[in-house]
Amino acid sequence: MKATDRQVAGDHYKKLKIQPIEYILANDMGFCEGAIIKYISRWKNKGGVEDLRKIKQFCDFLIEDAVTKPPPLTEREVSASPVNSPFA
């Protein structure tokens with residue numbers, strides 16, 4: 001028996017073609033992204049507008065994090081780094 005074969009507290013995910021946890025794990029998503037998938041998948045059948053508000057909050061967390069961190073290096077920048085040089 002797989003963990004997704006049973007659901008604690010309701011059946012709002014069992015009605016879906018793919019359960020949010022399967023999608024989240026298959027795509028190696030972080031906490032905030034996973035929460036957004038969870039709430040968007042269930043809002044019509046469980047939490048209603050309150051779930052939509054939660055989605056907005058998790059989006060705000062991601063936006064705040066994205067604008068306060070420097071952007072990740074591109075592959076070209078990483079390969080040009082002196083750390084990756086054979087002469088380092």
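These are my notes on the aromatic rings and on one helix pair in this structure.

**Entry 1: the model.** I am working with a predicted model.

**Entry 2: ring pairs.** I looked for aromatic pairs and found three in the structure. I began with Tyr39 and Phe58, whose ring centres are 6.2 Å apart with planes at 20°, so I noted the pair as stacked. Planes under 30 degrees apart count that way. The two residues sit 19 residues apart and link distant parts of the chain, with Tyr39 in helix H2 (residues 31-42) and Phe58 in helix H3 (residues 49-68). I checked burial too: Tyr39 and Phe58 are both buried.

**Entry 3: a second partner for Phe58.** Next I turned to Phe58 and Phe61, with ring centres 5.6 Å apart and planes at 80°, so this pair is edge-to-face. Both belong to helix H3 and lie three residues apart, about one turn of the helix. Is each one buried or partly exposed? Phe58 has 12% relative accessibility and counts as buried, while Phe61, at 39%, is partly exposed. Stepping back, I saw that ring pairs join Phe31, Tyr39, Phe58 and Phe61 into a cluster.

**Entry 4: the helices behind the rings.** I then looked up how H2 and H3 lie together. Their axes come within 9 Å and cross at roughly 160°, which means H2 is roughly antiparallel to H3. The crossing of H2 past H3 is left-handed. On the H2 side, the contact includes Phe31, Ile36 and Tyr39, and on the H3 side it includes Ile55, Phe58 and Phe61. By class, I noted 12 nonpolar residues, four charged and no polar ones in this contact.

Methods. Residues numbered from 1 in each chain as written. Predicted model: local features only at pLDDT ≥ 70, side-chain atom pairs only at ≥ 80, totals over all residues. Heavy atoms only, no water. Phe/Tyr/Trp six-rings, centres within 6.5 Å; stacked < 30°, edge-to-face > 60°. Helix = DSSP H or I, 4+ residues; strand = E, 2+ residues; numbered from the N terminus. Buried < 20%, exposed > 50% of the residue type's maximum accessible area, 1.4 Å probe, protein only. Axes fitted to C-alpha atoms, helices over the stretch in contact; angles between N-to-C directions. Parallel < 35°, antiparallel > 145°, perpendicular 65-115°, else oblique. Left-handed = near helix turned anticlockwise from the far one by under 90°. Contact = heavy atoms within 4.5 Å. Nonpolar A, V, L, I, M, F, W, Y, C, P; charged D, E, K, R; others polar.
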